[in-house]
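User: Hey, can you walk me through this one? I'd like to start with a single residue and work outwards.

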Amino acid sequence: MNIMERVWKAAEVADLAGLPKEKVQLWLGRGLPIGEGVKGGGGHGRHREFDFRNVMEFAVARALVDQGIPAARAFHFAARFAYSWTGENIAGFPLPADSGLTVLAIAGDRYVVGPLSAETLYQLSEDEDLKQLEGFVAVNVSAVFWQVCLAAGADPDLILRDAYRDWIPVADR
């Protein structure tokens, strides 16, 4: 089955995202995940169902929390990656493998998703307000994607090749 068509329960999301089950329930209880694809659940005997982008939201948020970002901010930026098309990458996916590592870099309230490069990081410094900042946080979303896919028993290379088969980056249009 195509990974984009699969649905998971909260306990499975925890396993795929590298989280304790209790942490997933805590974050759900606090309303942190944006969860565009979350269906059902919340009540007794009614299980929530999560799609692949929901799993990526949890996994990227976990990676950001691991880097010291508070959970609410982590979910804010993780949702931008999981549900937004940037013009270069497909929502919830890193760039194709031949583009190198894809990072989600955060500085202040700005973020950028792109290949690990000076150009990508320079995009953060275009804002005058950010020139005062002394640093940024970056997460390797390529590695997060690979970890999730492998935990789901899927081949990350095959998924990326299939997803980007007909993809034309904005710069080439």
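Analyst: Sure. Let's start with F145: at 0% relative accessibility, F145 counts as buried. Buried means under 20% relative accessible area, exposed over 50%, and partly exposed in between, using a 1.4 Å probe and protein chains only.

User: Is there anything I should know about the model before we go on?

Analyst: It's a predicted model, so local features need pLDDT of at least 70 and side-chain atom pairs count only at pLDDT 80 or more, while totals for chains, interfaces and linings use all residues. Residues are numbered from 1 along each chain as its sequence is written, and side-chain values use heavy atoms, with hydrogens and water left out.

User: Okay. How many aromatic pairs are there?

Analyst: The count comes to 7 aromatic pairs. Rings of Phe, Tyr and Trp (its six-membered ring) pair if their centres lie within 6.5 Å; planes under 30 degrees apart count as stacked, over 60 as edge-to-face and the rest as tilted.

User: And what about the rings of F93 and F145?

Analyst: Their centres are 5.3 Å apart and their planes at 45°, so that pair is tilted. F93 sits in the loop between helix 4 (71–83) and strand 1 (102–107) while F145 is in helix 6, so the pair ties together parts 52 residues apart in sequence. Helices (H or I, at least four residues) and strands (E, at least two) are DSSP runs, numbered from the N terminus.

User: Is F93 buried or exposed?

Analyst: Buried, because its relative accessibility is 3%.

User: Which residues form an aromatic cluster?

Analyst: W27, F50, F58 and F75 form one. Within that cluster, F50 and F58 are both buried.

User: Back to helix 6. How do the axes of helix 6 and helix 7 cross?

Analyst: The axes of helix 6 and helix 7 (residues 156–163) come within 9 Å and cross at roughly 110°. Axes here are lines fitted to C-alpha atoms, for helices over the stretch in contact, and angles run from 0 to 180 degrees between N-to-C directions. That makes the two helices roughly perpendicular, a label for angles of 65 to 115 degrees; under 35 is roughly parallel, over 145 roughly antiparallel and the rest oblique.

User: Which residues make the contact?

Analyst: F145, W146, C149 and L150 from helix 6, plus P156, D157, I159 and L160 from helix 7. Contact means heavy atoms within 4.5 Å.

User: Zooming out, how many helices and strands are there?

Analyst: The protein has 7 helices and 3 strands. Along the sequence the pattern reads α-α-α-α-β-β-α-β-α-α, and 42% of the 173 residues count as buried.
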